[in-house]
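Here is a friendly walk through one structure, with an eye on charged side chains and paired strands. Take a look at it before reading on.

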Amino acid sequence: GSWDLFGGVQAEYSRNNWSLDGMIQHYWRSEGDYDYTFADDLYISAHIGRILIQKNNVALGLRTGVLGEFRDADEQGGRAIEHTALDSWYVDLTTTLAVGSFIGEAGVDLPLEQESGAATLVPDARFRLSAGIYF
């Protein structure tokens with residue numbers, strides 16, 4: 001186990017069914033068991049979106065943008081584990097459906113650039129699904 005601290009800032013703006021958002025988030029990692037330290041992580045994103053359909057209690061939206069993920073190599077015993085370092089940029093496309101208090105999202109992240117500290121496996125694309133209820 002380790003103690004980790006995270007923090008970030010997110011800003012959103014919307015007008016006339018258009019929206020803009022940006023986010024930056026950082027994870028600071030401490031040394032854990034077995035003298036192992038996961039590297040700090042930095043995430044950034046920027047998106048533009050539009051509500052395409054809005055009638056009664058139903059809204060359908062589409063959003064696109066870029067995501068960046070950056071992390072140094074993990075360490076064990078003071079030595080870097082190079083294949084754990086990763087810098088990557090993705091373009092993403094997300095559709096959102098809201099019906100009453102229910103909201104669902106489906107999205108795909110496609111890599112623009114991926115650089116690793118050594119040979120490692122990274123996904124060609126990432127698919128996301130989420131659902132929630134507001135109360």
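## A buried aspartate and its partner

Let's start with Asp74: its relative accessibility is 3%, so this residue counts as buried. Keep in mind that we're looking at a predicted model.

Who does Asp74 meet? Its side chain forms a salt bridge with that of Arg71, at 2.3 Å from N to O. Arg71 itself is partly exposed, because its relative accessibility comes to 22%, and buried would need a value under 20%.

## Arg71 has a second partner

Arg71 also makes a salt bridge with Asp41, and here the closest N and O atoms sit 3.5 Å apart. This one ties together distant parts of the chain: Asp41 belongs to strand E4 (residues 41–55) and Arg71 to strand E5 (residues 58–71), with their positions 30 residues apart in the count. Asp41 has a relative accessibility of 6%, so it goes down as buried.

## Another pair further along

Now hop over to Arg128 and Asp109, whose side chains meet in a salt bridge of 3.0 Å, N to O. Again, distant parts of the chain are linked: Arg128 lies in strand E10 (residues 126–133), Asp109 lies in strand E9 (residues 102–116), and the two are 19 residues apart. Is each partner buried or partly exposed? Arg128 is partly exposed, with a relative accessible area of 29%, while Asp109 is buried at 2% relative accessibility.

Shared partners also build something bigger than a pair: Asp4, Arg29, Asp41, Arg71 and Asp74 are joined into one network by their salt bridges. Altogether, the model has eight salt bridges.

## The strands around Arg71

Back to E4 and E5, the strands that hold Asp41 and Arg71. How do E4 and E5 pair? They run in the antiparallel sense, over 14 bridges. If you'd like a spot to find by eye, Ile48 stands opposite Thr64 in E5.

E4 and E5 form a hairpin, with two residues between the strands. In that turn, Asn56 has a positive phi of about 50 degrees.

E5 has another neighbour to pair with: strand E8 (residues 86–99), again in the antiparallel sense and over 14 bridges. Here Phe70 stands opposite Asp87 in E8. So E5, the strand that carries Arg71, pairs with E4 and also with E8.

Note on methods
Residues are numbered from 1 along each chain as its sequence is written. This is a predicted model: local features need pLDDT of at least 70, side-chain atom pairs count only at pLDDT 80 or more; totals for chains, interfaces and linings use all residues. Side-chain values use heavy atoms; hydrogens and water are left out. A salt bridge is a side-chain nitrogen of Lys or Arg within 4 Å of a carboxyl oxygen of Asp or Glu. Helices (H or I, at least four residues) and strands (E, at least two) are DSSP runs, numbered from the N terminus. Buried means under 20% relative accessible area, exposed over 50%, partly exposed in between (1.4 Å probe, protein chains only). Two strands pair if DSSP finds at least two bridges between them.
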